[in-house]
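Student: I have a model open and would like to go through it with you. Could we start with the overall layout and then turn to the details?
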Amino acid sequence: MGTDRWGIDDGWWGNDGQWHGADPDTVAALRELFGGDDGPVSGPPMWFVRRGDRSPVDHGCTLVLEDGTNLGEIGALP
């Protein structure tokens with residue numbers, strides 16, 4: 001159980017209380033989309049957080065939600 005440098009988890013805990021490993025082909029496809037295992041982390045900076053995390057941000061940033069909603073520049077997570 002763990003998360004790689006891209007923030008991709010290797011599985012999840014289901015509602016059944018069991019650990020479900022992520023499909024290796026899906027994980028590999030996501031890593032390739034992010035630039036591959038050996039590629040540099042590039043592109044605009046992104047920060048992935050869990051629901052309820054109310055962390056402050058060091059510098060103002062634009063917050064765009066998964067559904068595309070743009071909340072504009074923020075100083076802390078809402």
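Student: What pattern does the protein follow, read along the sequence?

Tutor: Please keep in mind that this is a predicted model. Read from start to end, the protein has the pattern β-β-α-β-β, with one helix and four strands.

Student: And how many residues of the protein count as buried, as a percentage?

Tutor: The figure is 15% of the 78 residues.

Student: On to the strands. In what sense do β3 and β4 pair?

Tutor: The pairing is antiparallel and runs over five bridges. β4 covers residues 70–76, while β3 covers 56–64.

Student: Which residues stand opposite each other there?

Tutor: L63 faces G72 of β4. V64 has N70, also in β4, as its bridge partner.

Student: What lies between β3 and β4?

Tutor: Five residues separate the two strands, which form a hairpin. In its turn, G68 adopts a positive phi of about 95°.

Student: Where else is there a glycine with positive phi, say around α1?

Tutor: G35, just after α1, has a positive phi of about 120°.

Student: And what caps the other end of the helix, the N-terminal one?

Tutor: D23 does so. One of its side-chain oxygens is 2.7 Å from the backbone nitrogen of D25.

Student: Changing topic: how much space lies in the largest pocket?

Tutor: The largest pocket holds about 1,200 Å³. It is lined by 28 residues, and those closest to its centre are W47, F48, V49, V64 and E66.

Student: Which element gives the most to that lining?

Tutor: That is β3, with five residues. Both β3 and α1, residues 24–34, contribute at least two residues each.

Student: What is the lining like by class?

Tutor: There are 17 nonpolar residues, seven charged ones and four polar ones.

Student: Let me follow up on V49. Where is V49 placed?

Tutor: V49 sits in the loop between α1 and β3, and V49 is among the residues closest to the centre of the largest pocket.

Student: Why does V49 count as partly exposed?

Tutor: Its relative accessibility is 36%, and the partly exposed class lies between the 20% limit for buried and the 50% limit for exposed.

Student: How far is V49 from G7 in space?

Tutor: Their C-alpha atoms are 9.7 Å apart, although 42 residues separate the two in sequence. For G7 and F48, which are 41 residues apart along the chain, the C-alpha separation is 7.5 Å.

Student: Where is G7 found, then?

Tutor: G7 belongs to the segment before β1, which spans 11–13. Its relative accessible area is 47%, so G7 is partly exposed.

Student: One last topic. How many aromatic pairs does the structure hold?

Tutor: It holds one. The partners are W13 and W19, with 5.4 Å from centre to centre and 65° between the planes.

Student: Why is that pair edge-to-face rather than stacked?

Tutor: The 65° between the planes of W13 and W19 is judged against two cut-offs, as planes over 60 degrees apart count as edge-to-face and planes under 30 as stacked.

Student: Are the two tryptophans exposed or partly exposed?

Tutor: W13 has a relative accessibility of 53% and therefore counts as exposed. W19, at 31%, counts as partly exposed.

Terms used. Residues numbered from 1 in each chain as written. Predicted model: local features only at pLDDT ≥ 70, side-chain atom pairs only at ≥ 80, totals over all residues. Heavy atoms only, no water. 1 Å grid on protein atoms, 1.4 Å probe; cavity = no way out; pocket = protein on both sides within 12 Å on 5 of 7 lines; lining within 4 Å. Points joined across faces, edges and corners; volume = space filled by probe spheres on them. Nonpolar A, V, L, I, M, F, W, Y, C, P; charged D, E, K, R; others polar. Pairing = 2+ DSSP bridges. Phe/Tyr/Trp six-rings, centres within 6.5 Å; stacked < 30°, edge-to-face > 60°. Buried < 20%, exposed > 50% of the residue type's maximum accessible area, 1.4 Å probe, protein only. Polar contact = N/O pair within 3.5 Å; in protein donor to acceptor, adjacent residues only side chain to side chain.
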